[in-house]
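User: I'm new to this one and would like to know what stands behind the words people use for it. Can you take me through it?

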Amino acid sequence: MSAAMAQVPIHPGLFTLPGDPRGTHLLAARCSACGKYHFPAGTTCPYCSAAECTEAAIGAHGTLYLHTVVHARPPGYRGPVPYGFGIVELPEGLRVVSRLTEPRLEALEPGMPLALEVAPLFVNDAGDEVLSFAYRPANGAAA
Ligand SMILES: [Zn+2]
């Protein structure tokens with residue numbers, strides 16, 4: 001018998017949840033007036049102020065733009081340290097700030113291909129697995 005832990009997102013509306021038919025994506029918004037994406041999603045476009053934004057599932061893959069490695073646990077962060085942290089450039093034309101699963105500075109390189117994953121980051125006080133998103137190196141990944 002296995003006790004299945006409940007899974008809850010670290011923040012609602014940031015990413016698709018496991019089992020979503022769209023696959024693993026960030027939940028951005030696309031402006032129907034100017035066509036640009038923004039993340040996290042909001043109802044008003046940050047570029048042209050139009051209030052015509054619709055949800056868009058994007059960001060399954062990206063490339064690393066800037067990165068660092070965090071060794072000291074920031075306030076409120078309950079996941080493992082060290083961890084990578086960086087800016088990921090998405091083919092949809094925007095850059096997002098994200099945790100990186102790779103904690104070794106020497107294994108991270110600007111321009112490297114990354115793949116999005118949604119995975120448990122820590123277990124909260126209620127005993128639920130808290131899901132968060134991160135990018136992992138996609139080098140040589142066949143799947
Ligand atoms: Zn716009």
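Analyst: Sure. Buried residues make up 21% of the 143 residues in the chain. This is a predicted model, where local features need pLDDT of at least 70, side-chain atom pairs count only at pLDDT 80 or more, and totals for chains, interfaces and linings use all residues. Residues are numbered from 1 along each chain as its sequence is written.

User: What makes a residue buried?

Analyst: A count of neighbours: 20 or more other C-beta atoms, placed from the backbone, lie within 10 Å of its own; 12 or fewer make it exposed, and anything in between is partly exposed.

User: Why is the chain called as compact as a globular protein of its length?

Analyst: Its radius of gyration is 16 Å, close to the 15 Å that the globule rule gives for 143 residues, so the wording fits. The radius is taken over C-alpha atoms, and the rule is 2.2 Å times the number of residues to the power 0.38.

User: How many helices and strands does the chain have?

Analyst: Zero helices and nine strands. Both are DSSP runs numbered from the N terminus: helices are H or I with at least four residues, strands are E with at least two.

User: What makes S3 and S4 edge strands?

Analyst: Strand S3 (37-38) and strand S4 (53-58) each pair on one side only. They belong to an open sheet of three strands, ordered S3-S2-S4 with antiparallel pairing.

User: How do you know that S2 and S3 pair?

Analyst: Pairing takes at least two bridges found by DSSP between two strands. Strand S2 (residues 26-31) and S3 have two bridges, in the antiparallel sense. As for Arg30, its bridge partner in S3 is Tyr37.

User: Why is the largest nonpolar core said to lie between the domains?

Analyst: Domain 1 (22-58) and domain 2 (59-138) both give residues to this core, so it lies between them. The domain bounds come from an automatic or database domain assignment. A nonpolar core is a set of buried Ala, Val, Leu, Ile, Met, Phe, Trp, Tyr and Cys residues joined through C-beta atoms within 7 Å. This one has 23 residues, of which Leu26, Ala28, Val88, Phe133 and Tyr135 touch the most other members. S2 gives the most to the core, with five residues.

User: Which residues is Phe133 in contact with?

Analyst: Leaving aside neighbours within four places in sequence, Phe133 is in contact with Leu14, Phe15, Leu26, Ser98, Leu116 and Val118. Contact means that the C-beta atoms of two residues, placed from the backbone, lie within 7 Å.
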